[in-house]
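Please look through the model below with an eye to how pairs of helices lie against each other. The paragraphs that follow take two such pairs in turn.

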Amino acid sequence: MFVENIFFFFFSSLSIIFSFFVIISKNPVHSILSLILVFFNAASLLIILGAEFLAMLFIIVYVGAVAVLFLFVIMMLNVKVTKLTSSIYRYLPISFIFGSIFFFEFFMLFYLDLVSVNTNYLYLFENNFVNEWSTSVVPVSNIVALGQLLYTYFSYLFILSGIILLVSMLGAISLTLHRRNDVKKQFIYKQIERDFSSSIIWKH
Amino acid sequence: MVYYLILILNIVLKSLALIVPLLIGVAYLTLLERKVMASMHQRRGPNVVGFFGMLQAFADGLKLFVKETILPSSANTLIFILAPIITFLISLFVWAVIPFNDNSVFVDINVGVLFILAISSLGVYGIITSGWSSNSKWSFLGSLRSAAQMISYEVSIGIIILCVLLCSGSLNLSEIVESQRKVWYILPLFPLFIMFFISGLAETNRSPFDLPEAEAELVSGYSTEYSAMGFALFFLGEYANMILMSTTVTIYFLGGWLSPMEFIPFTFVPGFFWFGLKTTAILFLFIWVRAAFPRYRYDQLMRLGWKVFLPFSLGWLLFISGILLGFDWLI
């Protein structure tokens with residue numbers, strides 16, 4: 001427990017420090033790199049919580065895909081180093097409002113909604129479909145537990161999120177797809193189809 | 001307090017026992033590559049330093065170590081120095097979850113497959129940042145090519161791994177190997193093995209997909225501006241990734257440490273020997289491909305990734321899950 005506390009404070013303080021760096025640093029590439037470190041620390045916090053599957057997904061999705069795209073865009077746009085000459089205090093009221101909203105939300109969450117972790121977990125397993133006592137006594141791995149919930153109880157939401165992703169993918173493709181006729185393309189099947197009789201004609 | 005000290009010492013010794021053989025393996029892999037390529041070209045290869053050139057790799061390493069590190073004046077110095085270190089560290093990091101034998105693994109986590117995917121997807125960062133920070137057109141183009149290539153082939157690799165996971169019913173690497181006790185997955189999933197191997201070639205930027213360092217077009221891709229230890233770290237990371245890719249092929253398709261037959265002459269041989277033998281065979285294939293095939297063009301590479309491998313692996317995923325569901329073989 002003692003070691004876990006040390007690790008918790010280590011990772012959480014690191015994530016706070018690096019998220020400050022995201023805002024402060026003048027070079028946008030530096031701020032993206034510190035954003036990646038924030039994601040890493042969040043993933044390690046998830047591992048401490050025992051949600052190793054979510055932590056791995058966090059790294060694969062956010063660090064492996066999303067942040068790479070950010071980095072691509074920033075490097076390709078060739079953004080010059082921004083100078084923070086204009087006063088940053090100008091945004092202070094708005095940031096104060098947003099910050100207080102988030103703080104209020106967390107306050108509500110922690111003091112009204114949250115019950116102790118263990119009872120919440122048991123409650124979930126008692127009242128729903130998983131009535132086998134063996135699964136609530138023998139610890140199931142993260143993936144099994146997630147799968148049992150996701151594909152049965154939350155299947156509508158699962159399919160719905162899939163459809164949303166599909167629509168956004170189609171939108172991105174239809175935005176970027178130009179049909180041009182002056183592009184030279186290679187049709188490999190046509191090349192392979194050609195044989196001697198169709199390519200060489202004897203003229204005399 | 002003493003307990004924690006012993007724990008930390010244990011971890012340090014274990015990781016040294018993992019890293020040092022890996023680096024020696026990388027050194028001899030480069031020697032193997034040069035020897036095999038040489039005999040395929042009917043040359044002799046390195047034969048001066050040491051017996052049969054056995055010390056050639058160490059001599060090269062020493063040479064790189066004593067050379068001068070050049071920092072380009074227009075480079076972003078911090079990221080320029082960090083990029084090769086990141087590449088090297090990430091290539092070492094993945095080895096924590098690889099099982100070499102029954103019960104001989106550094107950490108045996110539930111999500112080993114995902115760990116390998118996650119950490120190897122971080123390898124892109126070393127390459128992108130090195131290309132950007134050296135502030136040179138060749139490096140930048142090389143790094144963009146490399147990143148696009150690695151991301152596109154990760155998709156097909158992920159789907160092929162899903163097929164293996166459906167058959168084994170676990171994300172733990174040791175359990176994946178144990179589930180192949182009756183038949184190695186190379187037999188029922190042979191087309192997927194071929195596709196995984198080719199995607200692995202593309203993922204590790206090996207020939208015939210070595211476009212990031214196409215000498216004819218980009219001087220040497222993202223590592224153009226690097227000299228001495230920076231270059232050496234990139235080199236080590238690349239070859240460690242090659243060995244890692246062949247060990248994953250071994251674990252997913254060739255049955256890891258399991259012996260090919262379960263009777264007397266085969267069962268005397270210890271498991272880690274089979275593991276090493278299979279990995280070396282796959283590494284030989286990597287080198288063989290390099291000696292035999294010409295380089296792909298970039299659009300052909302992308303076409304192969306997105307239009308051939310992705311639909312084919314998706315189709316296989318549906319086929320396999322249909323068969324497993326239909327015969328009620330799901331674990």
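At what angle do helix H1 and helix H2 of chain A pack, and how far apart are their axes? In this predicted model, H1 of chain A, which covers residues 2-24, packs against H2 of chain A, residues 28-49, at an angle of about 160 degrees, and their axes lie 8 Å apart. Because angles over 145 degrees count as roughly antiparallel, H1(A) is roughly antiparallel to H2(A). The crossing in which H1(A) passes H2(A) is left-handed. On the H1(A) side, the residues that make the contact include A:Phe7, A:Phe8, A:Phe11, A:Phe18 and A:Phe21, together with A:Glu4, while H2(A) contributes, among them, A:Leu35, A:Leu37, A:Val38, A:Asn41 and A:Ile48. Sorted by class, the residues of this contact between H1(A) and H2(A) comprise 13 nonpolar, seven polar and one charged.

Chain B offers a second pair, formed by helix H3 (residues 77-93) and helix H5 (residues 123-133), which pack at an angle of about 160 degrees with their axes 8 Å apart. That angle makes H3(B) roughly antiparallel to H5(B), and H3(B) passes H5(B) in a left-handed crossing. Where the two helices meet, H3(B) brings residues including B:Ile79, B:Phe80, B:Ala83, B:Pro84 and B:Thr87, and H5(B) brings, among them, B:Gly123, B:Tyr125, B:Gly126, B:Ile127 and B:Ser130. The contact of H3(B) with H5(B) has eight nonpolar and six polar residues, and no charged ones.

Technical notes. Residues numbered from 1 in each chain as written. Chains lettered and ligands numbered in written order. Predicted model: local features only at pLDDT ≥ 70, side-chain atom pairs only at ≥ 80, totals over all residues. Axes fitted to C-alpha atoms, helices over the stretch in contact; angles between N-to-C directions. Helix = DSSP H or I, 4+ residues; strand = E, 2+ residues; numbered from the N terminus. Parallel < 35°, antiparallel > 145°, perpendicular 65-115°, else oblique. Left-handed = near helix turned anticlockwise from the far one by under 90°. Contact = placed C-beta atoms within 7 Å. Nonpolar A, V, L, I, M, F, W, Y, C, P; charged D, E, K, R; others polar.
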